[in-house]
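Work through the exercises below with the model open. Each task is followed by a worked solution.

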Amino acid sequence: MQPTDRRLANAIRALAMDAVEAANSGHPGMPMGMADAATALFTRHVKFDASDPHWPDRDRFVLSAGHGSMLIYALLYLLGYQRPTIEDIKHFRQLGSPTAGHPENFELPGIEVTTGPLGQGVGMAVGMAIAERHLNASYGDELVDHRTFVIAGDGDLMEGVNHEAVGLAGHLKLGRLIVLWDDNEITIDGSTDLSRSEDVIARHEAAGWHTISCNGLDAGQVSRAIEKAIADPRPSLIRCKTIIGFGAPNKQGTAATHGAALGADEVAAARVELGWDLAPFEVPDDVLGEWRAFGQRGATERTSWLERLEASGKKDEFLARIAGKADDSWLKPYLDQLLADPKPLATRKASEMALEVINPAVPATVGGSADLTGSNNTKTKGLEPLTADNYGGRYIYYGIREFGMAAAMNGLALHGGAIPYGGTFLVFTDYARPAIRLSALQKAKLIYVMTHDSVGLGEDGPTHQPIEHLQSLRAMPQIDVYRPADAVETAECWALALQSDGPSILALTRQNVTPVRTEAASQNLCARGAYRL
Ligand SMILES: Cc1ncc(C[n+]2csc(CCOP(=O)(O)OP(=O)(O)O)c2C)c(N)n1
Ligand SMILES: [Mg+2]
């Protein structure tokens, strides 16, 4: 007899409570509440092949509610990904284990993005959904035809960045973005009534989203809601009514299941409640076998995709694009041109001039600005806007959404196939900082074009003057901060940023600066960090 959906879901519940119990730390409530919804999603809808987590045409899944990390670790294990193993799960939250407290993209294939700072997962998913449509415009349905699924909690939808992300996704009509909202009416402090009275559904509808509600504890209902979401051309919010910690008879429905182990007695009671008569970390053969079969569900589709890739004539180009490699043959001729006619220029202008040669040479770049296009000089002549009617465009009008822009840029970069760059004033890195930090942590290959870098910005005054910004960004690990002195250095810094595997920030002047590099050099001197002038 095949295990029921509920029994499949109970494997997630049991692993989550056992791992949190062993670690004596973590969040059992969210995985237990969303186990049925996740079962519906992964056994019937998400396109993936556990044997190749990097398959470029896989659906992307973002666990925005990163505190519920045991949900994704349990799924990856059950579906038969190479890691985490059951040993990894037994070492949940331990030093050196890939089953980190919050999901980290650099620890486990299958984890698309690092989440935990609430709200940013949805923001990154927006970027992934943009990347998918953008690449589809170049490579067609044969090579790029996938969706972005998200599980988000109340906290994800309360965060300010969510309002930016939802607005942008609605505007760009990202119909392949589907968010499952774990509507359990609980956050750490208790009932959501303590802090929220807005109509979340109406807010999404007002932003142009499709919405639908279902019983999140009924996999069949969730599955039908996902089908409707897939069929609708708008981005979708699926409201899954759930009970946090479902299955733990005395603690479910309360914040007590949120951030602590249930305790031995409650775990024992939950095993009785769930009819899960097994030792910790044990999954019965019929259940594991069924999950493993679902893990291979996408194998045939992947094989046909590989055949289409071979036949497409665009194989090398596509794979190079996904790998994020950027040509730098533009640099030398461009530097020669600059050196032939040195003149005072603002480095923001020099950045635009560099981009005029970079964008034609590096088709992966996707530019943009948070409503300061004319000040950041980020839009070059050939770039068409990326819009709902033209996803092939390479310039995104992010609107006045610095945090949303940076989160989307992370998603674009981590999806693969796009090298995003985006601008605002350097002072407003404050508005984007949590996402800049996640760019650094995740090693997302992207470039922040931050102009008006000093008192030289002029009359706007102290509200617009970066004071401590450069130093504070330089204090951030794993991100390269460049402040070029003239046009030659600006071009060299662009070349370095495009060669890097991680994020970069260019701090650029508003005002003209005198050229300091007036002679040709045999190498990129900015690569040294400092050099004798
Ligand atoms: C930006 C941010 N602020 C605060 C936290 C700490 N935090 C983790 S989970 C959580 C509550 C989230 O509530 P909800 O999304 O409803 O999750 P649930 O308790 O239902 O699993 C908070 C405040 C965080 N991870 N990120
Ligand atoms: Mg909640």
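The model is predicted.

**Exercise 1. The five-stranded sheet**

Task: Determine the strand order of the open sheet of five strands, and find which strands stand at the edges.

Solution:
- Step 1. Read the order: E1-E2-E3-E7-E6, with parallel pairing.
- Step 2. Look for strands with a single partner. These are E1 (60-63) and E6 (210-215), so one side of each has no neighbour in the sheet.
- Step 3. Check the twist. Neighbouring strands are turned by 20 degrees against each other on average, direction ignored.
- Step 4. Inspect one pair. E6 and E7 (residues 236-241) are parallel and share six bridges. Ser 213 sits opposite Arg 239 in E7.
- Step 5. Add the helix. H9 (residues 219-231) lies across E2 (148-153), E3 (177-183), E6 and E7. H9 runs at about 170 degrees to E6.

**Exercise 2. The six-stranded sheet**

Task: Trace the open sheet of six strands and find its edges.

Solution:
- Step 1. The order is E10-E9-E11-E12-E14-E13, and the pairing is parallel.
- Step 2. E10 (395-397) and E13 (480-482) each have a single partner strand, so both stand at the edges with one side left without a neighbour in the sheet.
- Step 3. From one strand to the next, the twist averages 20 degrees.
- Step 4. Follow the edge pair: E13 joins E14 (residues 504-508) through three bridges, in parallel. Asp 480 faces Ser 504 in E14.
- Step 5. Move to E11 (residues 419-425) and E12, which run parallel and are joined by five bridges. Here Gly 422 stands opposite Tyr 448 in E12.
- Step 6. Place H15 (residues 347-361). This helix lies across E9 (365-369), E11, E12 and E14, at about 135 degrees to E14.

**Exercise 3. The faces of E12**

Task: Decide whether the two faces of E12 are covered or not.

Solution:
- Step 1. Recall the general rule: in a regular strand, side chains alternate between the two faces of the sheet.
- Step 2. Sort the residues by side. Ile 447, Val 449 and Thr 451 lie on one side, with Tyr 448 and Met 450 on the other.
- Step 3. Check burial. All of these are buried, and both faces are covered. The count for E12 (residues 447-451) is five of five.

**Exercise 4. Two packed helices**

Task: Classify the packing of H14 against H20.

Solution:
- Step 1. Take the geometry. H14 (residues 331-340) and H20 (residues 487-499) pack at about 170 degrees, with axes 10 Å apart.
- Step 2. Apply the cut-off: angles over 145 degrees count as roughly antiparallel. H14 is therefore roughly antiparallel to H20.
- Step 3. List the contacts. H14 offers Leu 331, Tyr 334, Leu 335, Leu 338 and Leu 339. H20 offers Ala 487, Val 488, Ala 491, Glu 492 and Ala 495.
- Step 4. Explain the spacing. An α-helix has 3.6 residues a turn, so residues three or four places apart point the same way.
- Step 5. Count by class: nine nonpolar, no polar and one charged.

**Exercise 5. One helix, one residue**

Task: Compare the span of H1 with its expected value, then describe the surroundings of Ala 432.

Solution:
- Step 1. H1 (residues 5-23) has 19 residues and reaches 28 Å from first to last C-alpha, close to the expected 27 Å.
- Step 2. H1 is mostly covered, with 14 of its 19 residues buried.
- Step 3. Turn to Ala 432, in H18 (residues 429-442). Its relative accessible area is 3%, so Ala 432 is buried.
- Step 4. Leaving out residues up to four places away in sequence, Ala 432 touches Glu 402, Phe 403 and Ala 406.

**Exercise 6. Backbone exceptions**

Task: Find where the backbone shows a positive phi or a cis peptide bond.

Solution:
- Step 1. State the background: most residues other than glycine have a negative phi, and most peptide bonds are trans.
- Step 2. Just after H1, Asn 24 has a positive phi of about 55 degrees.
- Step 3. His 452 has a positive phi of about 60 degrees. His 452 lies in the loop between E12 and H19 (469-474). At 5% relative accessibility, His 452 is buried.
- Step 4. Gln 478 has a phi near 65 degrees. Its place is the loop between H19 and E13. Gln 478 is partly exposed, at 46%.
- Step 5. The cis bond joins Arg 83 and Pro 84, with omega about -5 degrees. Pro 84 is in the loop between H3 (69-79) and H4 (86-90).

Definitions and conventions:
Residues numbered from 1 in each chain as written. Chains lettered and ligands numbered in written order. Predicted model: local features only at pLDDT ≥ 70, side-chain atom pairs only at ≥ 80, totals over all residues. Heavy atoms only, no water. Pairing = 2+ DSSP bridges. Helix = DSSP H or I, 4+ residues; strand = E, 2+ residues; numbered from the N terminus. Axes fitted to C-alpha atoms, helices over the stretch in contact; angles between N-to-C directions. Contact = heavy atoms within 4.5 Å. Expected span 1.5 Å × (residues − 1). Buried < 20%, exposed > 50% of the residue type's maximum accessible area, 1.4 Å probe, protein only. Parallel < 35°, antiparallel > 145°, perpendicular 65-115°, else oblique. Nonpolar A, V, L, I, M, F, W, Y, C, P; charged D, E, K, R; others polar.
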